[in-house]
Every structure is written in C-alpha cells, then in structure tokens.
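Here are a few notes to help you find your way around this chain. Have a look at the model first, then read the points in any order you like.

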Amino acid sequence: MFNRVMKGRYSVLFAFITTFLLVSFLVRTGLLIVSIPKVGFSLTDVFHLYLLGFVYDIGVALFLTVFYSLYLLFLPERWNNSLGNKIITYIFIFLLLLISFFSFFAELTFWQEFESRFNFIAVDYLIYTYEVIHNINESYPLPILIGGVLLLVSVVLFLFSRKQLFKYSFQSFMSFKSRLIVSGSLFGLMMLYVLFVNNTAAESGANRYSNELSKAGIYSFFAAFKNNELNYNDFYPLIPADQAYELIKKEVQGGGGFVGAGHTIKRNVVGKGTLYKPNVIMITVESLSADFMKHFGNTQNLMPVLDSLADSNLLFTNMLATGTRTVRGMEALTLSIPPTPGNSIVRRAHNENLTTIGDIFKNAGYSRTFYYGGDGYFDNMNEYFGSNGFDITDRGRNIKMGDSYLTKRTLIQDKQVHFENAWGISDEDLFDAVIRGSDQAYKTGKPFYNFVMTTSNHRPFTFPGGRISITEGSREAAVRYTDYAIGRFLKQLAEKPWYKNTVVIIVADHCASSAGKNEIDISKYHIPCIVLNLPGKNKQVIDKLCSQIDLYPTLFKLFGWSYQSNLFGQDVLDSSYSPRAVFGTYQKLAYLKNDSLVILGPQQKAETFLYHKAENEQVPHSLPRSITDKAIAYYQTAYDLFKIGGLHQ
C-alpha cells in the first residue's frame, strides 16, 4: 500500500508535502539563527519550536493540498493519463509551489520588520495592496526576487519530473476504495486541525521568540484573519460591571462631578488658572522610539533638533504608547482610551460621532484638520477622522468608494510634492501642506487644531537627497531626516504671525519595533513627547509613568480649560495622579502600576509580574487582587463603553 501511494496517483502530492516540510524547516532554522544574538534559547526551547513547528507545518501542507487531494479522489481512472489531467496537475503543483515559496519569502521580510510570524498586521497589509506592493518594490529588488521564486519553482518541478513522479501519477492504477482511504485520511487529519489545533498553542512558553518560531506563517495568517477582533467579554477575565465602573470612576474623577449615574465615565472637568486658547499642532511621528534621542541614551546624534527642544520645553520622559501600530496611537491620542482586543477603534464600524479630543476642541471654538502624507483611505483613517468632524488633507492617490464623511477634503497636488515613496510624501512636503492649511485657518479668525501624521520614518526609509549626511535606506537615516524636517518646519513656523499663539506637540504613534524577549516588552513602548511654546513654561520635565492617553488631559489642565470629558486619560500634573500605564498587542492587554505588571489574555488569563525597569525584566509574582481588578476594570469598561455607544456624543 505504501509503495502504491508513493509511486502512484498521489506521488506528486506527497512529494509536494515533503518539499514544503523541508523548506519550512530551513526557513525556521534560518530565523532561529538570526534570533540567537537577541535572546537565549535553551535546548527545551529549540525542541519545542521544531516539534510544534513540524505539527503546524503539516497542518499548512494539508490545507494547501486539500483540493488537489479531493481532485485525485474523484478523478476517473480512464482520465488519469489524459492531456487534460496532465495540464491540471501541472497547474495545481505550480500554483502550490508558487504560493509556498512566495509565502516563505514574505515571512522572511515580515520577520525582518516585526520579528514575528504573520499576524493581524499581515491581514491588514493584504487589504492595502498599493502601499504594500510599492513598499516591497522600493525596499527590495522585486524583479530579482520574483525571478528567484519562479526559478525555485522551476527547479522543484524539474526534480519532480526527473524522479518520474509525474509519470508515476499519470500511469498508475488505484481503486476508488484505496483512493478514498488516502484522501479521506488526509481530509480527516485536516479537520482535526480545524477543530482542535489552535494557533495560540504556540504561545504557552516564556520565550517569545521561541513561541513565534514554533508557528507556521500561513497557519498564523489565517488564525489572525479569523480573530481580527476579539470580544472582551467572551475571552478575557471579568469582574462585576458595577465594580469595574466604580474603580474607573475613582481613577478619573475630575472634581466637576459625573454626568449621570451607572455605566458611564462622562464627567465635568473644571479648569483652574488663566484660560488659554492657542492654536495646537500635533506632529505624530511615525515609529519614534524614545531611544533614538540622546536624552534616553542614544549616542548616534540622530535627533539633534528634538534633543535641543527637549532641553528647553515640556518633556515627558516616562510615557508609554498604547500599542504597536499607527492606528493604536491615533486611537489613544484622539479618544484617550486603553487599547481593546483586536482592531483599533479607528478601523472598526460605528466609530463616528465619538467624544474625541477633537470634540473638545470643537466645543472650544476650534477648526480641526487631519494631515497625512499618504492616502488617508489606508487603515480607514480618513473615514474615522472625517466622521468625527475633522477636515482632511492627504495625498489622495486613491479614492475609497463608500466614504460617508461630510467634512472637507483637500488633496496635496503633484506640483506641491518634491519627493514621495510608497507610503507617502516626504515630511518636508507634508509640513509645507500644514503651513498652507494653517495660514488659511488663521484667516478665518478661529483657533485651529491640526493632527499631523508623518510617514518618512517608515520602510523603505527614503527621502529627498542632500538634506543629511547619512545615506537613505536605513532606519537611522530616516530618523535623522525626520528630525531635520521638524527643525525646518519649526523655523518656518517662527516666521508666522500666528506662531506666538501656537503650541506644538511632538509625540510618537508607537516605537520602531515591538519585538523583544517578552511577548509584551515594555521597553518597546517607551516614546518621547515634547510640548513646545507653552506660555510661561520653559524647561519642565514630567518623569512620572504615564500613557499616551494622558497627554491631552494634562494639556487641557495647562490651558485652564473646563470641559465635559469622556476620557480615560488623567492629568499627570494633578497631585492625586497615581502613575500607571495601559498598553498591549492586538491580543494581550497590559497594565503597569509602578513596578506591578498585569497582562490579560484570551481564555480569561491574568498573569502578574514584578517589572524591573533597569534590567527590562518581568518576574512572575503574585500581586494583590486590587491591582488585578484595576487592570481588568480599565479594559472591561473601555470595551463596554464602545460597544454600548457610551463613547458617542
């Protein structure tokens, strides 16, 4: 029976499975080798990643070949050696090999960027083909890589033919009963994977790299596609809802009293001191890790402009981003809310007319504009900002059908662009657009609020020539260029009649990398935040642990504003503020209170640690129930308020 299978109708199918497993083994080994300098692997880790990886690889091979297996089952014997079957077989195997080798190449590039197997980010990237394809084309020699993939496929097909595998398949005789046993077994085994083999089984170890290497890229991709949004109430630990809201109300109370009782955090915040209504321009810098700055230990002099600004302005030295993607940073900076499982609210349905930071500016008489150097259809940004009252200024190379927002959209014209790549125009061109728009807003006599999102510090890390001494193409060069562009922008602002009454914020959306030895590596969430041109404020350092969500509650305090708040963020300068931060991945949710760390995960998991910041170590440790409950309360109420409409105006 074994010989009839291996040298019969199924010979090509099993040869493909064997080839897939072998190449997958080599890819896993290569990723392991490049990861060894970053984290130690014990023999147990290595055994675990290869054994579990082999299990996942078999699953992928079964999924890839299921249609070909069923085809072989039902193909009549009299057609087995026909020209039609030969054409279909060659096409089947060619496509299977092409998909496999392309996925292996994609895994290598994805690992280089995120040090992870495919996750929900890869799912998102499949949707935004223009940016991704052009980004790959600008970052890698795409014709050579495509040619290499086709060459590998051709070599494998040649070897299959040389081993007479196609001949065995086409000239064999196999009864339907025997075929039913083989195809039925393969299909049954595949169904066991569907029903019982979850991708999270690879995440049980303490070594994050080992966990990721245990996975198979295609298996992880479809797992992420299936779980792109998680219901907090179904998958995460809960406490009684009344208790959760009571805990959060004690956290965020602002002195003016809550608006209504029950499940709400809507409250009145009473301002003190001199009322100040400046223009506000927030530059949200793509992938700006704190450790790019000299203030946080960098010795490469990558950001002389920002380091100089940090010496003489308001600087947050211990702020953590809420996530690892731009839309998470936008969520935190517009809604002042902890991250909830799955997609950012920026990308979810029913995210219009929310009580955003922009809503507070609107109630204070401001115009509001979102500026983006790329196409704002990406990640649903235009729809989100437009549906929440912001005018839009973006590149507009693509128009998304079905946009429903009614605010004004301004396209950055070709003649206004001196340089652009896959992700958008250069930061210089973007800042020029901000100045043009701000000049127009100033003429209306209303104060303005600008949310500016940069793109230059993003792969492929290209920018206009002749600006800096570092050659383009590296993260360090892109960081240096962004710093240069910010310096140029600030010089232009200083010449404007409205600058004296303008506050500029420079803050990151997230760090350049989220990968580390821990699944949630806290050092990879540390971002800089500088507030410029505050009246009466020279150098001031806020060194308390805080979150992105705390930026605007603190700023509004400095402005002396009274307003109605639906924000989870707090005024860091208030004497009652107790340092804490909220952050996570699309699946894991973290709460850091001083050195106490709680990580919430699916299957109602709540893991507790002591965090040693100097060593960046998380040591398992039992924490008081009060801390765990507070962590749960933040995320449970944030999820609940969005789902029940409690964040709407």
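1. A word on terms before we start: a residue is called buried when its relative accessible area is under 20%, and exposed when that value is over 50%. Please keep in mind that this is a predicted model. By that cut-off, 58% of the 649 residues of the chain count as buried.

2. Now the overall build. The chain contains 21 helices and 20 strands. Its C-alpha trace spans about 90 × 60 × 45 Å along the principal axes. The radius of gyration is 27 Å, which agrees with the value near 26 Å that a compact globule of 649 residues would have.

3. How do the contacts run along the sequence? Of the contacts between residues at least 6 apart in sequence, 71% join residues that are at least 24 apart.

4. Next, the surface and the charges. The accessible surface is about 26,800 Å², and carbon and sulfur atoms account for 60% of that. The chain carries 60 positive and 53 negative charges, and the mean positions of the two sets lie 5 Å apart.

5. In soluble globular proteins, nonpolar side chains tend to be buried together. Here the largest nonpolar core holds 125 residues, and F370, Y449, I505, L551 and Y552 have the most contacts inside it. Helix α21, residues 625-643, is the top contributor to this core with ten residues. There is also a second, separate core of 54 residues, with L31, V156, L186 and Y219 among its members.

6. Which residues does F370 touch, leaving out those up to four places away in sequence? The list is M330, M381, N382, F385, F390, D391, I392, T393, F451 and M453.

7. One of those partners, M330, leads us to helix α15, being one of its buried residues. All of this helix, residues 326-335, is worth a look: ten of its ten residues are buried, so α15 is largely enclosed by the rest of the structure. Charged residues are on the buried list too, including R328 and E331. Just after α15 comes S336, which has a positive phi, near 55°.

8. Last, a stop at helix α10, residues 208-214, where N211 is found. Is N211 buried or exposed? Its relative accessibility is 4%, so N211 counts as buried. Apart from neighbours within four places in sequence, N211 is in contact with H48, A202, E203, S204 and G205.

Technical notes. Residues numbered from 1 in each chain as written. Predicted model: local features only at pLDDT ≥ 70, side-chain atom pairs only at ≥ 80, totals over all residues. Heavy atoms only, no water. Helix = DSSP H or I, 4+ residues; strand = E, 2+ residues; numbered from the N terminus. Rg over C-alpha atoms; globule rule 2.2 N^0.38 Å. Buried < 20%, exposed > 50% of the residue type's maximum accessible area, 1.4 Å probe, protein only. Contact = heavy atoms within 4.5 Å. Areas by Shrake-Rupley, 256 points an atom, 1.4 Å probe, with all protein chains shown as cover. Lys, Arg positive; Asp, Glu negative; His and termini not counted. Charge placed at Lys NZ, Arg CZ, Asp CG, Glu CD. Core = buried A, V, L, I, M, F, W, Y, C linked by side-chain atoms within 4.5 Å.
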